[in-house]
Amino acid sequence: MRERILAVIEKNSRIGVKELAALLGENEAAVAAEIAAMEAEHVICGYHTLINWDNTDEEKVIALIEVKVTPQREMGFDKIAERIYQYSEVTSVYLMSGGYDFTVMLEAKSMRAVAQFVAEKLSTIDSVLSTATHFVLKKYKDHGTVLCEGPQDERMMIVP
Amino acid sequence: MRNPLSDTIVNIPPSGIRKFFDVVSEMKGAISLGVGEPDFDTPWHIREEGIRSLEKGRTFYTSNAGLKELKVEICRYLKRRQNLDYDYNSEVMVTVGGSEAIDIALRAMVNPGEEVLIPQPSYVSYVPCTILAGGKPVVIELEEKDQFRLTPEKLEEKITPATKILILPFPNNPTGAVMEKEDLQAIAGVIEKHDLFVISDEIYSELTYRGKHVSIAEIPGMRERTVLINGFSKAYAMTGWRLGYAAAPALILKQMLKIHQFAIMCAPTTSQYAAVDALKNGDEDIARMKEAYDERRRYLLAEFCSMGMDCFEPYGAFYMFPCIKRFGMSSDEFATRLLQEEKIAVVPGTAFGDCGEGYLRVSYAYSLEDLRKALARIRRFVERFDQNAGQKES
């Protein structure tokens, strides 16, 4: 039942337990218990809203930063990651295979704020060797959802 | 001037859905639950194959029966899903939708005056196509108490010496009924005893929610009597591509092919190339869409139940067929009032045969979001009716 619950709420976290239970053909109390258990076990880590900020008046800059580091004695990747993800403006940190070590996603008010973060906070961490900062120009699809156009039903109203 | 028209065609009444459609399409802000096609787009990789075939300039006729590559894939599919063996060269043909296959199967098999058994409620084309083929349609009225399945008793009842063909439309539009293996075994004896042939319209075969679809052709002795019809519209969300197929014994298929060759030439080439990809790489898409339909099906069933609408549980297709007899209105009246008062379009059961009276066809080929909005309005309609009924009583 877990995977099926997750598959639904991954796309719609606002769905009520009653409706969710109906969709899955499961008992309401059992579904509620399973969700509570997954929250406790950190399988479910939060409930977010997918926002297309481009359609608001809010100015936001999103940056993707490639970070190369040298892991030091007694301090593996995890420790370095921790030093990076503690910053509240950092939205995601991933350890990568390939040409660099971390992908750091950053949300800030302006490009200058991003520059400041990289210069003053990120680059000054001892283990950080180099950074390459990319700015997101436009989001087309996020979390499996196409952002740029609303879906339109072009079918005829009645079809036998 | 003489009357330019054929009496046969003039005497066929237009589809009952048409009339309703005209009212709905005029209405602003209406939510429709009246559609008989998937709400999903054709999966991208399938569309891409269609595009690629155009880029490569594959814009010519294919052979009459269809691309060899596609026929081979259809045979593989029928083997994989239904464990049926058909020869791609002599027993399979590609048609313009399942609808064409229904038409030409009837025309290839019916002699003037021979009777064709048509279980109803069912899709709107069987009766007219039978008439156009010169046959005599004989309706078998299915009932909710049998879960709208065809029983051997009901079948036997309508058989006369002139009966030749049984149309088997399962999983069913509009009821959502299925025929499970035991149901098919039960009627197979009757079919054999009276030496009948079967045109099995299995266009919804991938959309079954309790066990795998079984084709009548899988029942021993039935393959040689069966024209199996299926297509890409429902399983792969490819309605607009107009592509279906028929699999039948060579004796029958050869004559069907003759009609197809003269009337149609061949099914659209672009669609055929896309369909090859659908069959090769589309199994996951089918599973994904089916899961979504199944969720909606359970949701709708729970909703209807909680608002006091009687509804038997459909195990196939993407329709609910709730019973509205307790409201004391005809299907037409109920559907019209629901449209006028709450701007919800559903199809009256009578569009699918007289025995659809007292029922509505509600399609769940809509996003959950749309269904939620629509169901809230239906609930309001039902509650208002129940309140008024309560006031009258007291």
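Read along its sequence, chain A runs α-α-α-β-α-β-β-α-β-β-β. That makes five helices and six strands. Before I go on, please note that this is a predicted model.

Let me stay with chain A and turn to its overall dimensions. Its C-alpha atoms fill a box of roughly 65 × 40 × 30 Å along the principal axes. For 160 residues, a compact globule would have a radius of gyration near 15 Å, but chain A has 21 Å. So how much of chain A is buried? Of its 160 residues, 29% count as buried. The chain exposes about 10700 Å², and carbon and sulfur atoms supply 50% of that area.

Next, the contacts in chain A. Take those between residues at least 6 apart in sequence: 60% of them join residues at least 24 apart. As for charge, chain A has 17 positive and 25 negative charges, and the mean positions of the two sets are 2 Å apart.

Now chain B. Its secondary structure comes to 13 helices and twelve strands. The box around its C-alpha atoms, again along the principal axes, is roughly 70 × 60 × 55 Å. Does the radius of gyration of chain B agree or disagree with that of a compact globule? It agrees, because a compact globule of 394 residues would have a radius near 21 Å, and chain B has 21 Å.

In chain B, buried residues make up 57% of the 394. The exposed area is about 16600 Å², with 51% of it from carbon and sulfur atoms. Among contacts between residues at least 6 apart in sequence, 75% join residues at least 24 apart. Chain B carries 49 positive and 56 negative side chains, and the centres of these two sets lie 3 Å apart.

Last, the nonpolar cores. In soluble globular proteins, nonpolar side chains tend to be buried together. Here the largest nonpolar core has 66 residues. Which residues have the most contacts inside it? They are A:Leu20, B:Leu300, B:Phe304, B:Met309 and B:Phe334, so both chains appear in that list. Helix H13 of chain B, residues 368-393, gives the largest share of this core, eight residues.

There is also a second, separate core of 29 residues, which includes B:Ile46, B:Leu67, B:Val92 and B:Ala274.

To finish, look at A:Leu20 on the structure. Leaving out residues up to four places away in sequence, A:Leu20 touches A:Ile5, A:Val8, A:Ile9, A:Ile15, A:Val31 and A:Ile35.

Conventions. Residues numbered from 1 in each chain as written. Chains lettered and ligands numbered in written order. Predicted model: local features only at pLDDT ≥ 70, side-chain atom pairs only at ≥ 80, totals over all residues. Heavy atoms only, no water. Helix = DSSP H or I, 4+ residues; strand = E, 2+ residues; numbered from the N terminus. Rg over C-alpha atoms; globule rule 2.2 N^0.38 Å. Buried < 20%, exposed > 50% of the residue type's maximum accessible area, 1.4 Å probe, protein only. Contact = heavy atoms within 4.5 Å. Areas by Shrake-Rupley, 256 points an atom, 1.4 Å probe, with all protein chains shown as cover. Lys, Arg positive; Asp, Glu negative; His and termini not counted. Charge placed at Lys NZ, Arg CZ, Asp CG, Glu CD. Core = buried A, V, L, I, M, F, W, Y, C linked by side-chain atoms within 4.5 Å.
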